[in-house]
Amino acid sequence: MKIQDYTKEMVDEKSFIDMAHTLLEEKGTTMNLYDIIDEFKALGHYEDNEHLENRIVQFYTDLNTDGRFLNVGENMWGLRDWYSVDDIEEKIAPTIQKFDILDEEDEEDKNLKLLGEEEEEEDEARTEEDVEDDEENLDDPQDEEEVNESDIVIEEDEDELEEAEELFEDAAGFNDEPDDEE
């Protein structure tokens, strides 16, 4: 049965996740999450209400956990069956950073840029004027009041301090009485 033939009662009884599977199979292409939800609202003649909100929350959870679906980016969802393993890796790869491990041959390659090298080159290309401009824009540390160590007050709780010392001594075995039994 096509999803367009569903009655309101059928929409109320069927889970959104199963309806989404049917809908995506019929369309044969990925769909935006909000477009899928709009289809369900139209089919079930729903207006915004708390019951619908709960179903949408459950639907989103199911989409993320149900192995039949694949998020291909930017809230676009498709069926996992449509993609080969290589396609799936390609679809989700932009979210994962991959780092290659260098071998001896790579280390000798002068054209190879290592992570962070680009920034170093930019720093080397800065002129003396750029450095002077940056220094002028910094706050002058002489304008700030100096704080002497004697001006810093640390309040100590004597009870807590004694308790901590006792715990330390007990743990370290300082208060253990030597055994006279031999």
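**Close-up views of a predicted model**

Phe 40 is buried, with a relative accessible area of 0%. Keep this residue in mind as you go through the views below, and remember that the whole model is predicted.

**View 1. Phe 16 and Phe 40 form a tilted ring pair.** A search of the whole structure finds 5 aromatic pairs, and here we look at one of them. A pair of aromatic rings is described by the distance of the centres and the angle of the planes. For Phe 16 and Phe 40, the centres are 4.7 Å apart and the planes meet at 40 degrees, so this pair is called tilted. The two residues come from distant parts of the chain: Phe 16 belongs to helix α2 (residues 16–27) and Phe 40 to helix α3 (residues 33–44), with their positions 24 residues apart in the count. Both Phe 16 and Phe 40 are buried.

**View 2. Phe 40 also pairs with Phe 59.** How are these two rings arranged, edge-to-face or stacked? Their centres lie 5.6 Å apart and their planes are at 70 degrees; planes over 60 degrees apart count as edge-to-face, so that is the name for this pair. Phe 40 sits in helix α3 and Phe 59 in helix α4 (residues 50–65), so the pair ties together parts that are 19 residues apart in sequence. Phe 59 has a relative accessibility of 1% and therefore counts as buried.

**View 3. Four aromatic residues gather in one cluster.** The members are Phe 16, Phe 40, Tyr 46 and Phe 59. Tyr 46 has a charged visitor too: the charged end of Lys 8 sits over the ring of Tyr 46, 4.9 Å from the ring centre.

**View 4. Three strands make an open, antiparallel sheet.** Reading across the sheet, the order is β1-β3-β2. At the edges stand β1 (31–32) and β2 (69–73); each has a single partner strand, so one side of each has no neighbour in the sheet. Strand β2 is joined to β3 (residues 76–79) by 4 bridges. In one of these places, Gly 73 has Met 76 of β3 as its bridge partner. Helix α2 packs on the sheet and touches β1, β2 and β3, and the direction of α2 makes about 80 degrees with that of β3.

**View 5. Helix α2 has many neighbours.** Which residues of α2 are buried? They are Phe 16, Ile 17, Met 19, Ala 20, His 21, Thr 22, Leu 23 and Leu 24. These buried residues pack against α1 (8–13), β1, α3, α4, β2 and β3. You can also check the length of the helix: at 1.5 Å a residue, the 12 residues of α2 should span 16 Å, and the end C-alpha atoms are 16 Å apart, which agrees. Just after α2 comes Gly 28, with a positive phi of about 75 degrees.

**View 6. Glu 74 and Asn 75 sit in the loop between β2 and β3.** Most residues other than glycine have a negative phi. Glu 74, however, has a positive phi of about 50 degrees without being a glycine. Asn 75, not a glycine either, has a positive phi of about 65 degrees. Are these residues buried or exposed? Glu 74 is exposed, with a relative accessible area of 76%, while Asn 75, at 23% relative accessibility, counts as partly exposed.

Note on methods
Residues numbered from 1 in each chain as written. Predicted model: local features only at pLDDT ≥ 70, side-chain atom pairs only at ≥ 80, totals over all residues. Heavy atoms only, no water. Phe/Tyr/Trp six-rings, centres within 6.5 Å; stacked < 30°, edge-to-face > 60°. Buried < 20%, exposed > 50% of the residue type's maximum accessible area, 1.4 Å probe, protein only. Lys NZ or Arg CZ within 6 Å of the ring centre and 35° of its normal. Pairing = 2+ DSSP bridges. Contact = heavy atoms within 4.5 Å. Axes fitted to C-alpha atoms, helices over the stretch in contact; angles between N-to-C directions. Expected span 1.5 Å × (residues − 1).
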